[in-house]
Each structure stands twice: as structure tokens, then as C-alpha cells.
Amino acid sequence: MKSELFESAGFRHSLRAWRRKSYHKRKPSCYSCGVSICHNTSANVYEEVVHYQRHIDDPPRLIVLIGPSGVGVNELRRRLIKINPNTYQGPISHTTRPQNMGEKNGREYHYVTKETFAYMVVNHKFLEYGEHNGHMYGTSLDSIKEVLDNGKICVIDLEPHCIHLVRNKKLKPYIIFVRPPSPECMRQTRKDPHFLASSYIKRYFHDKDFEEIEEASRAMEGKYRQFFDCVIVNDDLQDSCMDLFTAIQHAQEEPQWVPASWFAPDHS
Ligand SMILES: Nc1ncnc2c1ncn2[C@@H]1O[C@H](COP(=O)(O)OP(=O)(O)OP(=O)(O)O)[C@@H](O)[C@H]1O
């Protein structure tokens, strides 16, 4: 749990801040294709699907949370892990920032040199990576597999243009879209919380933020809806946590529709 707290305080803000910067520059980077804007959504509306029931000996399915910035993806993920750190875990990220006193390599982060980080980038080791305050941060695919191999349910938040990087037979992701409630409901429920505004300063929500979140949500859903296994409306925080918990249990224990290609023989 400790590592998760450190991680959310440090890396999440760093990566999310970097993502925002990327939006403004209109240059999100995608490791798999190396281009600045990746449209590789593998969108196949007529995808063949089969029923899949996870076997008890199979590794847990990866849980992916997607949602517009400010909707509460990180809060839901943080609460879920905090409530049951023996069951849920986030991947340990890599960083080039120096290790602080009291931190342990592999607990808060994997601390690596700039050269090692660059090597990992070139070798497509990262699902997402970015720079913040002069240091690099990244989530490696191996760190996700490590959590799953330990029998824990790995919960990540991801930008939707990266869905195709995890949507494969090895990770068998279950993708949950976190949708905002109406702006009016957000106004009522988000009176106290602060969020990371595009100026990278934490401040109270403004009315305009709620409209922007709703707009971003609509755009995201319009483009990526076919990949979502489940939608949670984040109105009341406790209810949403419960919905998330229930959805994850369903994903792990009950039959779900998944792409038939996950069970096709390998042609290697
Ligand atoms: N259902 C809710 N009710 C009230 N406050 C909420 C709810 N969900 C999230 N919040 C609060 O809203 C703020 C923004 O949430 P969070 O940081 O999780 O957003 P996010 O989707 O991860 O976006 P970002 O990319 O900006 O970090 C936080 O202060 C969080 O505690």
C-alpha cells in the first residue's frame, strides 16, 4: 500500500501533468509506433467475439480505467487499492529522478539511469512514458505482468489511444469507462475537491470544467466505445467505488464477451 501511495502522489501527477502538456502541444506519444499522434485504435466494429470465463488458475485480468481528465479515475483507483492492497495493485513505474531518502528501489519506483530509460523506450518496454520537471517517468508492460503473475489484480489508468497496446490475449484486459454525471450533478458533488487544472495548479472546480469534462467524455465515448466492457457513472463517490468493485468481480469471475482473436492459434 505504501508504494501505491507514493506512486499516486508522485508519478500519477507527473504523468498526468505530462499528458495534459501533450494535449496542449497536440503531441501525445505512442511507444508502439513511435509517431507523435497514434491513431492505431485497432477499431474493428465487427470484431468476432466469444464467451470467456477466466479459469481459476489463469492470471487475473488486467483492469483498465479510462475517462476524461478530472472525472475521478485516479480517485477511484486509489480508493480501490487502499481498501484492499492484498488484492489490487498498480504497476511500479520507472523513473530517472533521483531516489529520495526513505524510498526503496522497486517499491516507490524502479530508479534507472537516463541511458537505461532511453534503452527501454527504444525497445518498446513502456506502455506510456513522459517527462515532468526534467525527469522521465514510464509504466512498463513488464511491471504490469509482474503484478498479474503475483496473482494480484493490476489496475491501471490509460489514455484511450493506448488501448490497443494492452488489448491482447496475454493481458485480457477488462476496460471500464468512467463517465461523468451531468454538469449539475458534478457541481453538487465536487464542491470541495481540488483537481489538477491545465495550468498544472491544483484548484477548485469551475463550472466551465464540468462542461469540458462532459465534452471530453462524449468525444472519448464516441471514438472508443466499442472497446469498453463496462461504464461507471462517477456521481456519488462511494456508490461508484462499489460499482467499480462489483464490475471487477464480474470481470474476474463471470463469463464475458472477448475478441475471438485472443483464442486463435499463434502463427509464429
Ligand atoms: N464522485 C466524486 N465525488 C466527489 N469528488 C470526486 C469524485 N470523484 C473524484 N472526485 C475528486 O475530484 C478530483 C479529481 O479527481 P481525480 O484526480 O481522480 O481525477 P482524474 O480523472 O484522475 O483526472 P486527472 O487526470 O486530472 O488527475 C479529486 O479531488 C477527487 O477527489
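## Briefing: ligand shell, sheets and core

The shell around the ligand comprises 6 nonpolar, 9 polar and 3 charged residues. The structure is a predicted model. Its strands include an open sheet of 5 strands with parallel pairing and an open sheet of 4 strands with mixed pairing. The points below take the ligand, the two sheets and the nonpolar core in turn.

**Surroundings of the ligand**

- The ligand is surrounded by 18 residues, and the closest of these are Ser69, Gly72, Asn74, Glu75 and Pro193.
- Two or more residues of the shell come from each of H2, strand S10 (194–196) and helix H8 (237–253).

**The parallel sheet**

- The order of the 5 strands in this open sheet is S3-S8-S2-S9-S12.
- Strand S3 (88–89) and strand S12 (230–233) are the edge strands; each has a single partner strand, so one side of each lacks a neighbour in the sheet.
- Within the sheet, strand S2 (residues 63–66) and strand S9 (residues 174–179) are paired in the parallel sense by 4 bridges.
- Leu65 is placed opposite Ile176 of S9.
- Helix H2 (residues 73–83) lies across S2, S3, strand S8 (153–157) and S9, and runs at about 160° to S8.
- Helix H2 is also one of the elements that give two or more residues to the shell around the ligand.

**The mixed sheet**

- The 4 strands of this open sheet follow the order S5-S4-S7-S6.
- Its edges are formed by strand S5 (110–111) and strand S6 (126–132); because each has a single partner strand, one side of each is left without a neighbour in the sheet.
- Strand S4 (residues 94–95) and strand S7 (residues 135–140) run antiparallel and are joined by 2 bridges.
- Thr95 has Tyr137, in S7, as its bridge partner.
- Helix H3 (residues 114–122) packs on this sheet and touches S4, S6 and S7, with a direction at about 45° to that of S7.

**The largest nonpolar core**

- In soluble globular proteins, nonpolar side chains tend to be buried together.
- The largest nonpolar core here has 43 residues, of which Ile63, Val64, Leu65, Cys154, Val155, Ile176 and Val178 touch the most other members.
- Strand S9 makes the greatest contribution to this core, giving 5 residues.
- Leaving aside residues up to four places away in sequence, Ile63 touches Ile153, Cys154, Val155, Tyr174, Ile176, Ile248 and Ala251.
- Leu65 and Ile176, which stand opposite each other, are both among the core residues that touch the most other members.

Key: Residues numbered from 1 in each chain as written. Predicted model: local features only at pLDDT ≥ 70, side-chain atom pairs only at ≥ 80, totals over all residues. Pairing = 2+ DSSP bridges. Contact = placed C-beta atoms within 7 Å. Axes fitted to C-alpha atoms, helices over the stretch in contact; angles between N-to-C directions. Near = placed C-beta within 6 Å. Nonpolar A, V, L, I, M, F, W, Y, C, P; charged D, E, K, R; others polar. Core = buried A, V, L, I, M, F, W, Y, C linked by C-beta atoms within 7 Å. Buried ≥ 20, exposed ≤ 12 C-beta atoms within 10 Å, placed from the backbone.
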